[in-house]
Amino acid sequence: MTTTEFDRELRAWLEQTEPRQAPDGIVTRAVAVTRRTRQRRGFVGELSALARTRPWQAWRLAPYAGVILVTALLAAGLLAAALIGSQPRRPSGSGWVPLTVAAGAIEGSAHVTGVVTAGPGVVAIGNSLADGDDGCRVGRAHTWTSTDGRTWRESAVLVDANFERVVAGDERMYALGYSGWQYEPSPEGCGWGHGRRVAWSSVDGATWQLIDGLPADEAFFMTTAAEAHGALVAFLTEQSAVGEEPTRATQVWRATDSGWVHTTTIEDALIVQATSAEGVLVALGFVEPDQETSQAWVSSDGGATWRAASALPRGTQLFSVAAGANGLVGVGARAGRSGIGTPVVATSSDGLTWTVSEHTEGELVQIDAVDGAFIAASGEWVDSEQPTACPPPALASPSASPLGSQPAGSDERAETPSAVTPEPTECTASQHVADTWVSVDGIEWRRGPVMPAATQPLVADPVPAPVFRFAQSTSGVVAANPYFGAQVWVIPDETLAVGPR
Amino acid sequence: VLESLVEQAKAGDHDAFEKLASSVATRMFGTAYLIVRDREAAADAVQDALIETWRNLPTLRDAHAFEAWTRRILVRSCYRAIAGRRRRIEVRVTEIDATTASHESRFGEVDQLERAFGRLSPDQRAVLVLHHRLGLRLDETADALNVPLGTVKSRLNRATTALRAAIAAEERDIATLERQIA
């Protein structure tokens, strides 16, 4: 079952499960209490009440006056900070070029789930659905490769398989996903998919070697993976059914030529992100049950032993981490008393000690390293009635129509017969726009051109803001995410890196 | 009409508040039940939320914001109800509303999803209910939960992943049981 189908089914179930009537007396009892309960009237309310009834008790207003004074000072400070920090959004649509990696019949049913600098240049992985003989739909995993990031061709197809993510290593790349991927038949057609958790390794993106032997227990799910010392290290989170709140631990597994080996288990840890730098693995997650403050762990022996980093400031959540030429950078947010998070960037040279600073110019949710620099992105759904919101048409690039003759960096809107999604009418719906930021050291950031992505047809029910992944090609940076079909976006390095802050 | 009742209740009109409470109680109880998964605790949460709503009504400036404002109060009450229930160490009995009996779903058995949903943490259930059942946007969900937008995104992602994993575990358990019976 796809994410959209799953969400639809979940909504239907929640609607059916929700009680249609409140228990008798629930309002009566509450109202009985409120009839004996005094309302909090605040300064103005108390002032008018006292003025009417007990003017000699004006001293009772002193605490309100103090609160109002402090609130006014804080509001003035916040307003000043907002005015200083605010910047107009740059026009969208300039720079990023959408390209379709899949051609032909599968184009409409395929979606890219990851992109990585590897093999012949850059490799995109993804999945497609095709009608099977059993009346249900059979999943296929695909690899598309490109030497320059602009001209794509299909390199491999694995039947009954599913690619979820791709990890670059020193000598090979790894695809993480499921083997034996099948969709459960259901009265409505196809149920949701399931298979055996596996990984594959490949040097060129065309030939994939299966790495099998992970726990078959589906209560474990892989949250992230990274490569260190020439081997893939995967993190599996255990979901326990004991008690009201699940208890979790994270298992660390290492891929070898003969299969997976369980190296250790980190108790009370939920690890959600990992990266590596010069053989050192850095994992990010939470120490249960606190899921509001991130915790980092570091391993120098390929994941066998782990050392917890010094604590981040309370309320700091790092959503993503990457290793570049100048150290480690994490992006996230810090919760404030008002509940509105402040975007933050965390830098570290060793993964053990982190320096957290605010990034007030915009939210960052995902970061990758490309050619030693960092590129981060955050996206949101916007009202496409804004004139900048309509995305340019995607261009079919693979073997059918090479794009090498088109000027690099131009904002192509060619009226080719192969121009595909989205339909013009979808421009009336909400549309995803991603901000991109570039930094060499994680401290100084430059805002790149806004990336307009596909349009969400249903305004009232947008999916969560998608997360982009990035890779480097000879044509520039390539971006991909699984929400927008068989597309990647390409931008020349010079366009991305240069521009007003 | 709702705004008018809010204004009257703000001024201290108990009868107006009773009408107001009656108009929102069913929806509040439905939301609370989905988060708390216990009718008694959900009823407690709704009552607490209504009382807190009454006490703080004069501080609500915009009557149009009443619904979003009470939602935030209700979520806090749900968390308190869950914490109170844990302290009492009550034996939990899974309750399924009668209306669910005829629901056919791709998830298979409804009680399978019921159990899987019950495995989620209250935070995870709350974000799924607010976003998927009440149809709140992510920023509205963040407001209701009083957490940053980024937290909602990551929490929603983890909740969905955890629910899928829990469903898979349920299916595996059922298959094992069926094999044992056979």
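Strand 19 (residues 327-334) and strand 20 (residues 342-348) of chain A run side by side in the antiparallel sense, joined over seven bridges. Keep in mind as you look at them that this is a predicted model. To find one of the links yourself, start at A333(A): its bridge partner in strand 20 of chain A is P343(A).

These two strands belong to a bigger picture. Chain A has an open sheet of four strands in the order 18-19-20-21, with antiparallel pairing. Which strands form the edges? They are strand 18 (316-324) and strand 21 (355-358) of chain A, and each of them pairs on one side only. Neighbouring strands of this sheet are turned against each other by 25° on average, with direction ignored.

Now step back and take in chain A as a whole. The table collects some overall values.

| Feature of chain A | Value |
|---|---|
| Helices and strands | five helices and 30 strands |
| Buried residues | 53% of the 501 residues |
| Exposed area | about 21900 Å² |

Carbon and sulfur atoms supply 55% of the area that chain A exposes. Contacts along the chain are worth a look too: among those between residues at least 6 apart in sequence, 50% join residues at least 24 apart.

Let us move to chain B, where helix 7 covers residues 138-145. Which of its residues are buried? They are L138(B), T141(B), A142(B), A144(B) and L145(B). These residues sit on the same side of helix 7 of chain B, because they cover an arc of only 165° around the axis. A general rule helps here: an α-helix has 3.6 residues a turn, so residues three or four places apart point the same way. Just after helix 7 of chain B comes N146(B), which takes a positive phi of about 60°.

The next stop is helix 8 of chain B, which spans residues 149-181 and contains E170(B). Is E170(B) buried or exposed? With a relative accessible area of 6%, E170(B) is buried, because the cut-off for that word is under 20%. What does E170(B) touch, if we leave aside its neighbours within four places in sequence? E170(B) is in contact with Q112(B), R115(B), A116(B) and R119(B). Another residue to find in the same view is L113(B): E170(B) and L113(B) are 57 residues apart in sequence, while in space they are 8.2 Å apart, C-alpha to C-alpha.

Methods. Residues numbered from 1 in each chain as written. Chains lettered and ligands numbered in written order. Predicted model: local features only at pLDDT ≥ 70, side-chain atom pairs only at ≥ 80, totals over all residues. Heavy atoms only, no water. Buried < 20%, exposed > 50% of the residue type's maximum accessible area, 1.4 Å probe, protein only. Helix = DSSP H or I, 4+ residues; strand = E, 2+ residues; numbered from the N terminus. Arc of directions from axis to C-beta. Contact = heavy atoms within 4.5 Å. Pairing = 2+ DSSP bridges. Axes fitted to C-alpha atoms, helices over the stretch in contact; angles between N-to-C directions. Areas by Shrake-Rupley, 256 points an atom, 1.4 Å probe, with all protein chains shown as cover.
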